[in-house]
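Trainee: I am new to this structure and would like a close look at one part of it. Could you walk me through the sheets of chain A and the helices that go with them, and then show me how the other chain fits in?

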Amino acid sequence: MANIIKIGMADLNVTVSPNILQTCGLGSCVGICLWDPVTKVSGMAHIMLPSSSLGKTANDAKFADTAVPLLINEMKKTGADPSRLVAKIAGGAQMFSFYSSNDIMKIGERNTEAAKAALQSARIRLLAEDTGGSYGRTIEFYSENGKLYVRTINLGEKYI
Amino acid sequence: MPLYDNISETQLDAFREIGTIGAGNGATALSQLMGRKIGMSVPAISVLPFSQVPDAVGGAEKLVAGIFTTVGGPAPCNILFMFPVECAKTLAGHLMDRKYGKDEALDEVGMSALAEVGNIVSGAYLNSLASFTNLEFVPSVPALAIDMAGAILNTVLARIGIAGDHALLMETVFSEIEGNVSGHFFLLPEADSLEKIMEAIGVKG
């Protein structure tokens, strides 16, 4: 029986097959999902901001650049081999369009870029992404097969 | 200094008091706009870790209309006015003198009517905050999104996430006395803004 493990904003978690990692209502945040195809260990981080240089807080899961190494480390403890990990990401939408161009409003785009950069520096291949747009997403990551399910309000659902 | 980690009970009380009067002004403005009686709850103030905020508004996947205003000045804040989507449609319908069907989406005009509601209520609220503190609060043009509550909160919380891991939520429920329109009004002060507001009204921690 598969358990669904919920991950909140600025949080991360790791599980094994056949469990499912879920995060609801990704807006400008990005869900970073990592999977080891051999041990079927999976991990998911729900990051809010691109870079820890923006502010010092105790929570490494909040920033793309610190969440990826932390997630890899947690997965290693559960039996994953970092050299085998592959990634899928979703989210990074721009929920509000303001008339004035404000940098923080492009936070979704910056989160996506930072997530990709963090994966690249950890030498993890990005297999698929569903990012951008102006709508929220709920995602479920299946440890069993590494599939990522994406659900939206108006644009249906899909697997990537 | 991390945000909200060392706020005292006295300061929360003072903040709640300003909030009550501010929200009262907002409710009055909304009543005048709609030509109906609008009630309001005494603001509930809570300091929550980010991961718990969506649950406080009925779940991350709940379909809501969010009206988001950023407030500039010496004590920058963010204001988010959130309605369940059915309430948003009823509200926009009252203002536009029409009715939105159950499966009908809000049109452009309805959305801009809703944004105007946000504008008026936020304005009334900020006026009372300004008169208490003698600080200037400069609201942006409101932006509107209709989507999952969690997705809307992401963007708003990202603005204060730079400074801390907790959100200070001031939640007031506006409700139409004869009907069923209710909404949540959130004020999220940015880093140092809360201290500045407290200093301006002379409440020490």
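Mentor: Here is a walk through the sheets first, then the helices, and then the place where the chains touch. Please keep in mind that this is a predicted model. The predictor gives the complex an ipTM of 0.87 and a pTM of 0.88.

Let us start with the sheet that holds β4(A). It is an open sheet of five strands from chain A, in the order β2-β5-β4-β6-β7, and its pairing is mixed. At its edges you will find β2 (11–16) and β7 (125–131) of chain A, each of which pairs on one side only. On average, neighbouring strands here are turned by 15° against each other, direction ignored. For a look at one pairing, take β4 (residues 30–36) and β6 (residues 86–91) of chain A: they run antiparallel and are joined by six bridges. Within that pair, A:Val30 stands opposite A:Gly91 of β6(A).

This sheet has a helix packed on it. Helix α2 (residues 107–121) of chain A touches β4, β5 (41–47), β6 and β7 of chain A, and its direction makes about 25° with that of β4(A).

That helix also has a helical partner. α1 (residues 64–77) of chain A packs with α2(A) at an angle of about 40°, and their axes are 8 Å apart. Angles between 35 and 65 degrees fall in the oblique class, so α1(A) and α2(A) are oblique to each other. Their crossing is right-handed. On the α1(A) side, the contact is made by A:Ala64, A:Asp65 and A:Val68; α2(A) brings A:Asn111, A:Ala114, A:Ala115, A:Ala118 and A:Leu119. Sorted by character, the residues of this contact are six nonpolar, one polar and one charged.

Chain A has another open sheet to look at, with five strands in the order β1-β3-β8-β9-β10 and mixed pairing. β1 (4–6) and β10 (157–159) of chain A stand at its edges with a single partner strand each, so one side of each has no neighbour in the sheet. Neighbouring strands of this sheet are turned by 20° against each other on average, direction ignored. Here β1(A) pairs with β3 (residues 20–26) of chain A in the parallel sense, over three bridges. In this pair, A:Ile4 stands opposite A:Ile20 of β3(A).

Now for the other chain. Chain B has a mean pLDDT of 83, and 94% of its residues reach 70 or more. Where the chains meet, 30 residues come from chain B and 31 residues from chain A. On the chain B side, the elements giving two or more residues are α2 (53–56), β3 (63–72), β6 (143–148) and α5 (149–161). Among these, α5(B) gives the largest share, 10 residues. The chain B side divides into 18 nonpolar, eight polar and four charged residues.

To finish, compare the helix pair of chain A with one inside chain B. The axes of α3 (residues 85–96) and α4 (residues 108–133) of chain B come within 9 Å and cross at roughly 95°, and these helices are therefore roughly perpendicular to each other. B:Ala88, B:Leu91, B:Ala92, B:Leu95 and B:Met96 of α3(B) meet B:Val109, B:Gly110, B:Ala113, B:Leu114 and B:Val117 of α4(B). That contact has nine nonpolar residues, one polar and no charged.

Conventions. Residues numbered from 1 in each chain as written. Chains lettered and ligands numbered in written order. Predicted model: local features only at pLDDT ≥ 70, side-chain atom pairs only at ≥ 80, totals over all residues. pLDDT = per-residue confidence, 0-100. Contact = placed C-beta atoms within 7 Å. Helix = DSSP H or I, 4+ residues; strand = E, 2+ residues; numbered from the N terminus. Nonpolar A, V, L, I, M, F, W, Y, C, P; charged D, E, K, R; others polar. Pairing = 2+ DSSP bridges. Axes fitted to C-alpha atoms, helices over the stretch in contact; angles between N-to-C directions. Parallel < 35°, antiparallel > 145°, perpendicular 65-115°, else oblique. Left-handed = near helix turned anticlockwise from the far one by under 90°.
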